[in-house]
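Dear colleague,

I am handing over a structure for you to look through, and beneath it you will find my notes on what came out of the calculations. Please read them with the coordinates open beside you.

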Amino acid sequence: MPKIIGGSLHEHREQTRQKLFAALSALMADQGFDAITLAEIASAAGVGRTAVYNHFPDKESLLLGFITHETEQYAATLQRALDDIEDPTEQLQTYVRQQAALTKVYHLAPGPELRSVLSRGTQQRVREHVMVVEQILRRILAAGIESGAFPSQDLDVTVPLINACLSGRGVPADGPERDRAIAQTEAFVLRAVGAAPAPVPA
């Protein structure tokens, strides 16, 4: 029986899962998901290969678990950042800033796009988790339209366009260039939805 590393079997399982997620994230920063093996993940996590199968039957299941965990954590953080903000325009600016701060390794991995190496069923389940974040943006825009802050528009078109803009934008890691890039992105998104843009720092 493997050594229990937490105070209980549940804690042990959760700690092992976190190690596997961290290992997958680190490996995907250097190589494409399709090139990574479960043996490499187990070695990077410091666990036996059998332990991996105790949690995930295959590599796709591990990736799905990782994405689920990351999305849930991010959605909770985003919602906390929005809880004390009532103005829809400020909420949209906060959404943009939170997205800029987010590092989604599974979107940035080198090699083929994930959708080209994942099964159709896994792609659909990944999409379901991404929609959790999209629903937050949809609520912000709907509230803005209702309050008159944004003009009426088709959210089925606007929401994916905004997220495509945010996910595709390379933001500098730090320094004044990063602040300026985020401010410019905020202004661009506000203009796109018909709101008054925030002043962009010179």
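Helices here are DSSP runs of H or I with at least four residues, numbered from the N terminus. By that rule, the place of Thr-94 is in helix H5. Please keep in mind throughout that this is a predicted model.

The chain as a whole

The chain has ten helices and zero strands, and the order of its elements from the N terminus on is accordingly α-α-α-α-α-α-α-α-α-α. It is 202 residues long, and 38% of these residues count as buried. If one takes the contacts in the chain between residues at least 6 apart in sequence, 60% of them join residues that are at least 24 apart. The area that the chain exposes comes to about 11200 Å², of which carbon and sulfur atoms supply 52%.

Helices H4 and H5

Two packed helices are described by the angle between their axes and the distance between the axes. For helix H4, which covers residues 59–82, and H5, the axes come within 10 Å of each other and cross at roughly 145 degrees, and the crossing in which H4 passes H5 is right-handed. On the H4 side the contact is made by Tyr-74, Thr-77, Leu-78, Ala-81 and Leu-82, while H5 contributes Gln-91, Thr-94, Tyr-95, Gln-98 and Gln-99. Sorted by class, the contact of H4 with H5 holds five nonpolar and five polar residues, and no charged ones.

Thr-94, one of the H5 residues in that contact, has a relative accessible area of 7% and is therefore buried, since the cut-off for that label is under 20%. Setting aside residues up to four places away in sequence, Thr-94 touches Ala-81, Leu-82 and Ile-85. Between Thr-94 and Ala-81 the separation is 13 residues in sequence and 7.4 Å in space, taken from C-alpha to C-alpha.

Helix H10 and what covers it

Helix H10 spans residues 175–192, 18 residues in total, and reaches 26 Å from its first C-alpha to its last, which is close to the 26 Å expected at 1.5 Å a residue. The buried residues of H10 are Arg-178, Ala-181, Ile-182, Ala-183, Thr-185, Glu-186, Ala-187, Val-189 and Leu-190, and what covers them includes helix H5 (88–101) and helix H9 (155–167). Just after H10, Gly-194 takes a positive phi of about 90 degrees.

Which residues is Glu-186 in contact with, leaving aside its neighbours within four places in sequence? They are Gln-93, Val-96 and Arg-97. Glu-186 has its place in H10, and it counts as buried because its relative accessibility is 8%, under the 20% cut-off.

Val-159 has its place in helix H9, and a relative accessibility of 1% is why Val-159 counts as buried. Not counting residues up to four places away in sequence, Val-159 touches Glu-134, Leu-137, Arg-138 and Leu-141. The C-alpha atoms of Val-159 and Val-193 are separated by 9.7 Å, with the two positions 34 residues apart along the chain.

A residue in helix H1

Leu-27 lies in helix H1, which runs over residues 9–28. Its relative accessibility is 16%, so Leu-27 also counts as buried under the 20% cut-off. Once the neighbours within four places in sequence are left aside, Leu-27 is in contact with Ile-36, Glu-40, Ile-41 and Ala-44. For one of these, Ile-41, the C-alpha atom is 7.6 Å from that of Leu-27, and the two residues are 14 apart in sequence.

With best regards

Notes:
Residues are numbered from 1 along each chain as its sequence is written. This is a predicted model: local features need pLDDT of at least 70, side-chain atom pairs count only at pLDDT 80 or more; totals for chains, interfaces and linings use all residues. Side-chain values use heavy atoms; hydrogens and water are left out. Helices (H or I, at least four residues) and strands (E, at least two) are DSSP runs, numbered from the N terminus. The expected span of a helix is 1.5 Å times one less than its number of residues. Buried means under 20% relative accessible area, exposed over 50%, partly exposed in between (1.4 Å probe, protein chains only). Contact means heavy atoms within 4.5 Å. Axes are lines fitted to C-alpha atoms, for helices over the stretch in contact, and angles run from 0 to 180 degrees between N-to-C directions. A crossing is left-handed if the near helix is turned anticlockwise from the far one by less than a right angle, and right-handed if clockwise. Ala, Val, Leu, Ile, Met, Phe, Trp, Tyr, Cys and Pro count as nonpolar, Asp, Glu, Lys and Arg as charged, and the others, Gly among them, as polar. Accessible areas come from the Shrake-Rupley method with a 1.4 Å probe; for residues, only the protein chains shown count as cover.
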